[in-house]
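Good morning, and thank you for the time on today's agenda. I would ask you to look at the sequence and the structure together while I speak.

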Amino acid sequence: VPFLSAFANNTPIVATFMPALAKLSRRTGIPVSQLMMPLSFAAILGGEIVVDHLHATNNDLLQKTAESELVQGRQSLDLAVLQKDIQLDVVQVQQFLTDVSATRGLDGLSDGFDLAREHADSFAANLAAARELATSLESTQTLATLDELEAAFPPFYALGQKMAAAYVAEGPAGGNLLMGDFDATAQRLGDAIDKSKTSIDGLLE
């Protein structure tokens with residue numbers, strides 16, 4: 001009875017066993033009313049077992065869902081922070097190379113190449129970390145924007161170094177020839193940064 005009541009309503013189950021109870025009552029001399037009580041308890045017990053099982057299963061599922069959403073939320077926030085760091089790295093690379101170009105390495109700004117290199121290395125590290133999080137979040141759109149960033153940065157950095165070196169060696173006559181091309185690579189990189197930000201912001205909604 002407990003097994004059957006786990007899958008069906010108690011009333012028809014009890015009714016099904018009534019003929020058997022009547023026969024057992026005649027055979028043993030025990031009143032049917034006394035046999036009904038254990039039968040009812042057995043039916044109720046089966047139902048309670050199922051309810052308890054469903055409740056426990058539901059709670060476990062809710063807990064796992066909540067934990068999964070919490071992890072995804074934390075990863076999305078971490079990804080947003082990395083996106084800001086990547087953007088800052090790009091700004092710093094451009095700033096230090098521009099400082100070298102403007103001063104020709106004078107006035108204590110001769111370390112601009114080294115400082116730009118530090119942020120170029122930071123860019124690569126932050127991009128790798130962002131890619132790992134985007135992969136964990138299964139965000140193909142964000143991964144695609146990170147691919148664009150990865151492709152756009154090397155020509156930006158290489159041309160920026162070349163331009164700064166030309167300003168140092170030749171002054172405006174040499175550096176100005178590369179300024180237009182450098183601005184174009186900076187624009188492409190800026191567009192890639194905007195795309196990555198839009199994609200990551202979408203994960204936070």
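Let me begin with a definition: a helix here is a DSSP run of H or I with at least four residues, and helices are numbered from the N terminus. With that in place, D114 and R117 can be located: both belong to helix α4, three residues apart, which is about one turn of the helix. Please keep in mind throughout that this is a predicted model.

First, the protein as a whole. The protein contains six helices and zero strands, and along the sequence the pattern reads α-α-α-α-α-α. Of its 205 residues, 32% count as buried. The protein exposes about 12200 Å², and carbon and sulfur atoms supply 61% of that area. Among contacts with a separation of 6 or more, 67% come from residues 24 or more positions apart.

I turn now to two helices, α4 and α5. Helix α4 covers residues 112-136, and helix α5 covers residues 140-170. How do their axes lie? The axes come within 10 Å and cross at roughly 175 degrees. Angles over 145 degrees count as roughly antiparallel, and α4 and α5 are therefore roughly antiparallel to each other.

Which residues meet between α4 and α5? On the α4 side they include F113, A116, A120, F123 and L127. On the α5 side they include L143, L146, L149, F153 and Y157. Taken together, the residues of this contact divide into 14 nonpolar, three polar and four charged. R117 and R131 in α4 also take part in the contact, as do D147 and E150 in α5.

That brings me to the salt bridges. In general, side chains of opposite charge can pair when their charged atoms come close. How many salt bridges are counted in the protein? The count comes to five, and I shall describe three pairs.

The pair I mentioned at the start, D114 and R117, forms a salt bridge between side chains, at 2.8 Å from N to O. D114 is partly exposed, with a relative accessible area of 41%. R117 is also partly exposed, with a relative accessible area of 39%.

The next pair is R131 with D147, whose side chains meet in a salt bridge at 2.7 Å, N to O. This pair links distant parts of the chain, with R131 in helix α4 and D147 in helix α5, 16 residues apart. R131 counts as partly exposed at 23% relative accessibility, and D147 counts as partly exposed at 39%.

R131 has a further partner, E150, and their side chains meet in a salt bridge at 2.9 Å, N to O. Here too the pair links distant parts of the chain, R131 in helix α4 and E150 in helix α5, 19 residues apart. E150 is partly exposed, with a relative accessible area of 42%. Salt bridges that share partners thus join R131, D147 and E150 into one network.

Finally, consider the connection between the two helices. Which residue in the loop between α4 and α5 deserves a mention? I would point to E138, which has its place in that loop. As general background, most residues other than glycine have a negative phi. E138 has a phi near 55 degrees, a positive value in a residue other than glycine. Is E138 buried or exposed? E138 is exposed, with a relative accessible area of 69%.

Methods
Residues numbered from 1 in each chain as written. Predicted model: local features only at pLDDT ≥ 70, side-chain atom pairs only at ≥ 80, totals over all residues. Heavy atoms only, no water. Axes fitted to C-alpha atoms, helices over the stretch in contact; angles between N-to-C directions. Parallel < 35°, antiparallel > 145°, perpendicular 65-115°, else oblique. Contact = heavy atoms within 4.5 Å. Nonpolar A, V, L, I, M, F, W, Y, C, P; charged D, E, K, R; others polar. Buried < 20%, exposed > 50% of the residue type's maximum accessible area, 1.4 Å probe, protein only. Areas by Shrake-Rupley, 256 points an atom, 1.4 Å probe, with all protein chains shown as cover. Salt bridge = Lys/Arg side-chain N within 4 Å of Asp/Glu carboxyl O.
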